Amino acid sequence: MSVSTTTLRYPSYMNNDLIGLIGPLIPTPRLHFLMTGYTPLTSDHEATSVRKTTVLDVMRRLLQPKNMMVSTAHDRNAAHCYLSILNIIQGELDPTQVHKSLQRIRERKLVQFIPWGPASIQVALSRKSPYVPTAHRVSGLMLANHTNISSLFDRALQQYDKLRKREAFLEQFRKEAMFKDNLEELDHSREVVQELVDEYFAATKSDYLTWSSSSMRAQGDTGE
């Protein structure tokens, strides 16, 4: 959390406000759920010695699933990809190293981006806190918008369907005034989450912009 706000606490010519930091990561209003990754992770007893870590090492490790802070399921039926990436790099580094690292990542094709949008990794450089000792000269935080975040919502839908089928805990809801006559509010909420999962899946396709416009027209016809 502290790394994500370093560009706000140590302002520079870019990424110095919250809108400028988050805005480029969200291509459409509904696809705004971000996941984070951090590297390198160290324990307290490892913070006494300083290790050499290059910018390329940090940016390459940020793309590895084991360094992500979100546990998402692997879906073989969908070619999940990144919508956008922002890497916040902290430490002692030369800006030219960032350019070389991005070039190496592009040459090795380590990142799969959406087919209907720009394929680029944004990078923000920030200073380290002089009061917090770290074991590495360079560290990085990744804020990413990835379509595989939909697996979390899909998992929640599956769990909800099981509870609804067994009518578990529904009596607690019926005690409330809004659920006294029916449970349509719960059903509507499920539909909203399902539409979000469908949109993330559609975002992996090259015709997403056409799908998005047709979906908005359909919602307008139904008065939503």
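Two aromatic rings of Phe, Tyr or Trp count as a pair if their centres lie within 6.5 Å. Keep that in mind. What we have here is a predicted model. By that rule, the structure holds five aromatic pairs.

Let's take one of them. Tyr208 and Trp211 form a stacked pair. Their centres are 6.1 Å apart, and the planes make an angle of 25°. Why stacked? Because planes under 30 degrees apart get that label.

Now, where do these two sit? Both are in helix 8, residues 208-222. They are three residues apart there, which means about one helical turn separates them. In general, an α-helix has 3.6 residues a turn, so residues three or four places apart point the same way.

Are the two buried or exposed? Tyr208 is buried, at a relative accessible area of 0%. Trp211 is partly exposed, at 30%. And there is a third ring to add: Trp116 joins Tyr208 and Trp211 in one aromatic cluster.

Next, helix 4. This one covers residues 95-108, 14 residues in total. At 1.5 Å a residue, the expected span is 20 Å. The end C-alpha atoms are 21 Å apart, so the two agree.

Which residues of helix 4 are buried? Val98, Ser101, Leu102 and Ile105. Look down the axis: the buried residues fall within an arc of 100°, so they line one face of the helix. What do they pack against? Helix 3, residues 55-62, and strand 3, residues 121-126.

Turn to the face pointing away from the buried side. There you find the exposed residues His99, Lys100 and Glu107. Just after the helix, Lys109 has a positive phi of about 55°.

On to the sheet. Four strands form an open sheet, and their order is 1-4-2-3. The pairing is mixed. Strand 1, residues 35-39, and strand 3 stand at the edges. Each has a single partner strand, so one side of each has no neighbour in the sheet. On average, neighbouring strands are turned by 20° against each other, direction ignored.

How do strand 1 and strand 4 run? Antiparallel, with five bridges joining them. Strand 4 covers residues 138-146. In that strand, Ala144 is the bridge partner of Met35.

Last, back to helix 3. What does helix 3 touch? This helix packs on the sheet and touches strand 1, strand 2, strand 3 and strand 4. Its direction makes about 30° with that of strand 4. And remember, the buried residues of helix 4 pack against helix 3 too.

Notes: Residues numbered from 1 in each chain as written. Predicted model: local features only at pLDDT ≥ 70, side-chain atom pairs only at ≥ 80, totals over all residues. Heavy atoms only, no water. Phe/Tyr/Trp six-rings, centres within 6.5 Å; stacked < 30°, edge-to-face > 60°. Helix = DSSP H or I, 4+ residues; strand = E, 2+ residues; numbered from the N terminus. Buried < 20%, exposed > 50% of the residue type's maximum accessible area, 1.4 Å probe, protein only. Expected span 1.5 Å × (residues − 1). Arc of directions from axis to C-beta. Contact = heavy atoms within 4.5 Å. Pairing = 2+ DSSP bridges. Axes fitted to C-alpha atoms, helices over the stretch in contact; angles between N-to-C directions.
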